[in-house]
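Reader: I would like a close look at a single part of this model, namely the packing around its interior strands and the side chains that meet there. Could you take me through it step by step, in one connected account?

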Amino acid sequence: MKTPQLTFSLLLIILFPALTLAPATRLYKASQRPHTVVAPVTFNVPGLNQVGSFAAANQGPYRVTSFRHPNCRGTIALLPLYRNAEGSAVLTRLFDNPELRYGIIFSDEIYAEFPQLLYTLTIFQERAFQGLPFGGEKKQPYAFAEQGDCALAEHAALRLREI
């Protein structure tokens, strides 16, 4: 028969890692800055002319910047995204036009939906190898709404890494 003291000792041995690691993890996370790649309030995309910029919401970091190509009749609105797909629907609600093409630009690629798994893996890699030569650069996702046949999203996907 087990004694209460033996049961308490076994319980303490089993719970000890959780009791020590949980507070240590919280302290570590609190000491780290949250992952946000903050795009400038206004930014330029090489090869495109900026048309304007406006706040997309009453609160939050959402600021839409629109561009046009100097030699083509088309425009694109870009919205930097932070943390997740939270802001990716802002452009759809703002413009609500079936003639527009909507999507996400991330890591020089275009996606129809926010690539959450790829974004999470990229953030993990950036944090795990932070400060090392092969750690990589921080990558900013952008939501876009494009009008016209100029392939401005493809142009922007290649040029956004330069800013």
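**Packing around the interior strands**

Author: In this predicted model, Val-64 is in contact with Gly-52, Ser-53, Phe-54, Ala-56, Ala-77, Leu-78, Leu-79, Leu-91 and Leu-94, once its neighbours within four places in sequence are left aside. Val-64 also belongs to the largest nonpolar core, a set of 17 residues in which Val-64, Leu-79, Leu-81, Leu-91 and Ala-143 have the most contacts inside the core. At least two residues of this core come from each of strand S3, helix H2 (90-95), strand S4, helix H3 and strand S6. There is also a second, separate core, which has 15 residues and includes Phe-43, Ile-76, Ala-153 and Ala-157. As a general background to both, nonpolar side chains in soluble globular proteins tend to be buried together.

Strand S3 is a convenient place to continue, since it is mostly covered, with five of its six residues buried. On one side, strand S2 (residues 63-68) is joined to S3 by four bridges, and the two strands run antiparallel. The connection between S2 and S3 is a hairpin of six residues, and within this pairing Phe-67 stands opposite Ile-76 of S3. Six bridges link S3 to S6, again in an antiparallel arrangement, and here the bridge partner of Thr-75 is Gln-147 in S6. S3 is thus paired with S2 as well as with S6. In a regular strand, as a general matter, side chains alternate between the two faces of the sheet.

Strand S2 also holds Ser-66, a polar residue whose relative accessibility is 19%, so it counts as buried, the cut-off being under 20%. Not counting residues up to four places away in sequence, Ser-66 touches Asn-49, Gln-50, Val-51, Gly-52, Ile-76 and Ala-77. Among these, Gly-52 and Ala-77 are also contacts of Val-64, while Ile-76 is one of the residues of the second core.

That second core leads to helix H4 (residues 152-159), whose buried residues are Leu-152, Ala-153, His-155, Ala-156 and Ala-157. These buried residues pack against four strands, namely S3 (75-80), S4 (101-106), S5 (109-111) and S6 (142-147). In an α-helix there are 3.6 residues a turn, so residues three or four places apart point the same way.

Helix H2 contains Phe-95, which has a relative accessible area of 32% and is therefore partly exposed. With neighbours within four places in sequence left aside, Phe-95 is in contact with Phe-54, Ala-77, Leu-100, Tyr-102 and Ala-145. One of these partners, Ala-77, is 18 residues from Phe-95 in sequence, and the two C-alpha atoms are 9.9 Å apart in space. Phe-54 and Ala-77, both contacts of Phe-95, are contacts of Val-64 as well.

The loop between H2 and S4 holds Asp-96, which has a positive phi of about 35° although it is not a glycine. Asp-96 has a relative accessible area of 63% and is therefore exposed. A positive phi also occurs at Ser-107, where the value is near 55° and the residue is again other than glycine. Ser-107 lies in the loop between S4 and S5, and with a relative accessibility of 28% this serine counts as partly exposed.

The aromatic side chains complete the picture. A pair of aromatic rings is described by the distance of the centres and the angle of the planes. Searching the whole structure gives two aromatic pairs. In one of them, the ring centres of Phe-106 and Tyr-119 are 5.5 Å apart and the planes are at 70°, so this pair is edge-to-face. Because Phe-106 lies in strand S4 and Tyr-119 in helix H3 (residues 116-128), the pair ties together parts that are 13 residues apart in sequence. The other pair, Phe-114 with Tyr-119, is edge-to-face too, at 5.4 Å centre to centre and 65° between the planes. Together, Phe-106, Phe-114 and Tyr-119 form one aromatic cluster. Phe-106 counts as buried at 1% relative accessibility, Tyr-119 is buried with a relative accessible area of 5%, and Phe-114 is buried as well.

Conventions: Residues numbered from 1 in each chain as written. Predicted model: local features only at pLDDT ≥ 70, side-chain atom pairs only at ≥ 80, totals over all residues. Heavy atoms only, no water. Buried < 20%, exposed > 50% of the residue type's maximum accessible area, 1.4 Å probe, protein only. Contact = heavy atoms within 4.5 Å. Phe/Tyr/Trp six-rings, centres within 6.5 Å; stacked < 30°, edge-to-face > 60°. Pairing = 2+ DSSP bridges. Core = buried A, V, L, I, M, F, W, Y, C linked by side-chain atoms within 4.5 Å.
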